[in-house]
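Trainee: I would like a close look at a single part of this model. Please take one strand and go through its surroundings and its pairing.

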Amino acid sequence: MFDWEDLHVFCVFMRHRSLSGAARELQVEHATIARRIASLENDLKLKLVDRRSRSYVPTPHGDAIAHLGERMEEQAFAVARTAESGQLGIHGEVMISSPPVLTLNLIAPRLGELRRQHPALRLRIIGETRTASLHQGEADVALRLSRPTGAALVIRKLGSIPFRLYAAPDYLSECAPSAWTFLAYDESMEESPQQTWLKAHANGRPIVLSSNHLDIQQAAAAAGAGIVGLPFFAGDRDQRLVRVDSDGPSLTRDVWLTVHGDLRQVPRIAVVIEFLSNVLGSALKGPAAA
């Protein structure tokens, strides 16, 4: 019989199709991923990957095993969700996947209220830009800026976020619009609506800083480095910045809360859903006009 953990690691590798991607997701060394794959091959007596100088390439057998492994993983998580749905009491850990800008500006400042109400509750917040999987147990509750799809998911729209342009007042007084520079996402967010919108406003003017973290862009704008695109709640509350008038398209992103249908009645998850719905519903209600 093979080791279930070896199969899990192999399935993660197959989702990324790289040792480095699997290592990042599982937070282990590359060598650990390679060792687990070799162990699974040995137990199954089957070659799953072709080992090349710079990559592992799945064999047809590897593709077939990964497909079966994903189905087994989903069934295993379904068993866990069913068990959790029968638990009583508000205690234990809830994993929340949320865009960093929502976590930093809206959720984290209100977490004290939740802790005071439910001291036995523990939270793990995944603030990465990658999409954590609800089906594979990487998160219990997810907040998304695009409407999720998927069977067995319960989806609720919490509100909408208008994006605006912001800059330091001194920067605007010193620079003519033709000389404006812009602060943007790096290539990891190149296809995002926010990046497309910002580049439309830049309209060929230089982008002088790229970062996958919006808070870094915001800090640079406050220091006079250029113009940044921010959600209204982040820019309007930053006293170092003012709104920038610019001809160009508008951008509004909807915020969606998603939970697996098997988990929404679990007490600890239900209170987190209520908390997030109240916090974000209130914060995203009726933002000031441009």
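Mentor: What follows concerns strand 3, with a few words on confidence and on one helix for context.

The model is predicted, so confidence comes before detail. The mean pLDDT of the protein chain is 88, and 89% of the residues score at least 70. By element, the lowest mean pLDDT, 75, belongs to helix 4 (residues 60-85), while strand 7 (residues 182-184) has the highest, 98.

Strand 3 covers residues 92-97. Of its six residues, five are buried, so the strand is largely enclosed by the rest of the structure. Buried here means under 20% relative accessible area.

Strand 3 pairs with strand 4 and also with strand 5. Strand 4 (residues 121-126) runs parallel to strand 3, and six bridges join the two. One place to look is M95, whose bridge partner in strand 4 is R124. With strand 5 (residues 141-144) the sense is again parallel, over two bridges. Here S97 can be inspected: its bridge partner in strand 5 is A142. As a general point for reading such a strand, side chains in a regular strand alternate between the two faces of the sheet.

For burial in a helix, turn to helix 2 (residues 19-26), where the buried residues are G21, A22, A23 and E25. The elements covering these buried residues include helix 1 (4-16) and helix 3 (30-44). After helix 2 comes Q27, with a positive phi near 60 degrees.

Note on methods: Residues are numbered from 1 along each chain as its sequence is written. This is a predicted model: local features need pLDDT of at least 70, side-chain atom pairs count only at pLDDT 80 or more; totals for chains, interfaces and linings use all residues. Side-chain values use heavy atoms; hydrogens and water are left out. Buried means under 20% relative accessible area, exposed over 50%, partly exposed in between (1.4 Å probe, protein chains only). Helices (H or I, at least four residues) and strands (E, at least two) are DSSP runs, numbered from the N terminus. Contact means heavy atoms within 4.5 Å. Two strands pair if DSSP finds at least two bridges between them. pLDDT is the predictor's confidence in each residue, from 0 to 100.
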